[in-house]
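Visitor: I'm new to this structure and would like a close look at just one part of it. Could you pick a strand, walk me through its surroundings, and then show me how that part fits into the rest?

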Amino acid sequence: MTSETDLIISCRDKVLAGHRISEEEAQKLISVSDDSLQILSDAANEITRKLCGDVVDVESLINAKKGKCQEDCSFCSQSAFYKTEIDTYKLLPPETIVQNALLAKEDGVKSFCLVCAWRGPTEKDFEQISTIIKKINDEVGIEVNCSLGFINQDMAIELKKLGVKRYNHNLESSRSFFSKICTTHSYDDRMQTNLIVKNAGLELCCGGIIGMGETRMQRLELGLDLAGLNPEECPINILVPQKGTPLEIQTKLSISEILRTIAVFRFLMPRTILKIAGGREVYLANDQEKVLLGGANGIITGGYLTIGGNSPSEDFQMISKIGLEA
Ligand code: SF4
C-alpha cells in the first residue's frame with residue numbers, strides 16, 4: 001500500500017473505533033493526491049454506511065421571507081446591499097406555507113425547513129412564525145425545522161416547545177476567512193447563536209459554503225470548528241455565484257475538490273447527517289451519486305432559496321439506483 005492509502009485506512013479505522021482523528025491527520029487527509037481520491041471517498045463511504053446506515057435524509061425547504069436582508073453576506077443574492085435579480089417578498093401567508101409543507105409530505109419528504117432572509121426575527125415576526133409552526137403541526141404533521149437567523153434564548157426555548165426538531169444556523173466559512181465574506185456580523189455572533197440553539201435542547205444543523213475563495217486549509221478549518229459543535233446535521237453548500245453579488249465572478253470549485261471536502265468532513269463528523277445542499281445539481285450534474293457514496297448522507301430536494309434543483313421524484317430515483325434508502 002502507498003503511504004497515502006495507509007494514512008486513509010488508519011484514519012478510517014480510528015474513526016470506526018470511535019476515536020477522533022487529529023488536526024494533523026485531517027490536514028494530511030485533505031491533501032492526498034487526486035490518485036488517492038477514490039480511496040478517500042470509499043473510506044468515507046464505509047464510515048457513513050457503518051455509523052449512519054443506508055438512509056439518505058431528504059429535506060425540503062421553503063423560503064418563507066425572501067430578499068431585502070439587512071446583512072451583507074457577499075455570497076447571498078438576498079442581501080439588500082447588492083443589486084440582484086431575485087424577486088422579494090415579505091413573510092408568506094400561513095396558508096401558503098402550510099400548503100407547501102403538505103406537498104412536501106405528499107412527495108415523501110421527511111422534514112420541512114422554514115427559512116427567512118433577515119438578520120433575525122422581531123418579536124412580531126416570531127409570533128407569526130410560531131403560529132405557522134402550530135398550523136403545520138396541526139394540519140400536516142411533518143417534522144419542522146427552522147432557519148430564522150439570530151435568535152435569543154427565549155425564542156430557542158419557545159421553538160423547542162413548539163416541537164421544532166432542528167435549528168439551522170451555518171457558520172458559512174472558517175473563522176480566518178469570515179471577515180472577507182461578511183462585515184455586518186461576526187463569526188462569533190454565529191457561534192453564539194449555535195450555542196443558544198444547543199442550550200435550548202434543539203438539534204443543531206450547522207454547516208457552510210465552500211468555493212468562496214477560501215483555501216483548502218480554510219475549508220478544513222471550517223470542518224474542524226463544525227466538528228467541535230457536534231451538529232446533528234451539517235449542510236455543505238457549494239457556492240453558485242449569483243449575479244450582482246461580490247462573488248459573482250468567483251472561480252468554481254472542481255468536482256475533485258468537492259468530493260475531497262465531503263469525504264474529510266465525514267471523517268471529522270462520523271455520525272452527523274452530512275447534507276449536500278445548494279450547488280449539488282449545478283456542480284455535480286451526473287456525479288451527484290458520487291457524493292452520496294463518498295461521505296454525504298443527506299440532500300435538499302425540490303430547489304433551494306434562490307435557485308431551482310432536482311424534483312423529489314428525480315432524487316428518490318437516484319437514491320434507490322445506488323442502493324440507498326430515503
Ligand atoms: S446569508 Fe442570510 S443573513 Fe446573510 S444576507 Fe443572506 S439572508 Fe441575510
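Guide: Here is a tour that starts with one strand, E1, moves on to a residue close by in the contacts, and ends with the protein as a whole.

Keep in mind as we go that this is a predicted model.

Let's begin with E1 itself, which covers residues 57-65. This strand is mostly covered, and 9 of its 9 residues count as buried. In a regular strand, side chains alternate between the two faces of the sheet.

E1 has strand partners to look for. One of them is E2, residues 111-116, which runs parallel to E1 and is joined to it by 6 bridges. If you want a spot to zoom in on, find Ser60, which stands opposite Phe112 in E2. Another partner is E9, residues 298-300, also parallel to E1, with 3 bridges between them. Here the pair to find is Glu59 and its bridge partner in E9, Ile300.

Now trace the chain from E1 to E2. Helix H4, residues 94-106, belongs to that stretch: E1, H4 and E2 together make a right-handed β-α-β unit.

Next, turn to Asn297, which sits in the loop between H12 and E9. Its relative accessibility is 3%, and buried means under 20%, so Asn297 counts as buried. Leaving aside residues up to four places away in sequence, Asn297 touches a long list of others, including Asp57, Val55 and Val56. Asp57 brings us back to our strand, as E1 covers residues 57-65. Among the other residues that Asn297 touches are Thr48, Arg49, Cys52, Arg266, Ile273 and Leu292. Pro231 makes a useful landmark too: it is 66 residues from Asn297 along the chain, and their C-alpha atoms are separated by 14 Å.

Go back along the chain from Pro231 and you meet Asn230, just after helix H9, with a positive phi of about 50°. H9 itself runs over residues 216-229, 14 residues in total. From first C-alpha to last it reaches 20 Å, close to the 20 Å expected at 1.5 Å a residue. Its buried residues include Leu220, Leu222, Gly223, Leu226 and Leu229. An α-helix has 3.6 residues a turn, so residues three or four places apart point the same way.

That positive phi at Asn230 is worth a pause. Most residues other than glycine have a negative phi. Two further residues go against that habit. Glu172, in the loop between E4 and H7, has a phi near 75°, and it is buried, with a relative accessible area of 10%. Ala285, in the loop between H11 and H12, has a phi of about 35°, but it is partly exposed at 44%.

Finally, step back to see the whole protein. Its secondary structure comes to 13 helices and 9 strands. The radius of gyration is 19 Å, close to the 20 Å that the globule rule gives for 326 residues, so the protein is as compact as a globular protein of that length. Along its principal axes, the C-alpha trace spans about 60 × 40 × 35 Å. Buried residues make up 57% of the 326. Of the contacts between residues at least 6 apart in sequence, 76% join residues at least 24 apart. As for the outside, the protein exposes about 13600 Å², and carbon and sulfur atoms supply 50% of that.

Definitions and conventions
Residues numbered from 1 in each chain as written. Predicted model: local features only at pLDDT ≥ 70, side-chain atom pairs only at ≥ 80, totals over all residues. Heavy atoms only, no water. Helix = DSSP H or I, 4+ residues; strand = E, 2+ residues; numbered from the N terminus. Expected span 1.5 Å × (residues − 1). Buried < 20%, exposed > 50% of the residue type's maximum accessible area, 1.4 Å probe, protein only. Pairing = 2+ DSSP bridges. Right-handed = clockwise from strand over helix to strand, strands pointing away. Rg over C-alpha atoms; globule rule 2.2 N^0.38 Å. Contact = heavy atoms within 4.5 Å. Areas by Shrake-Rupley, 256 points an atom, 1.4 Å probe, with all protein chains shown as cover.
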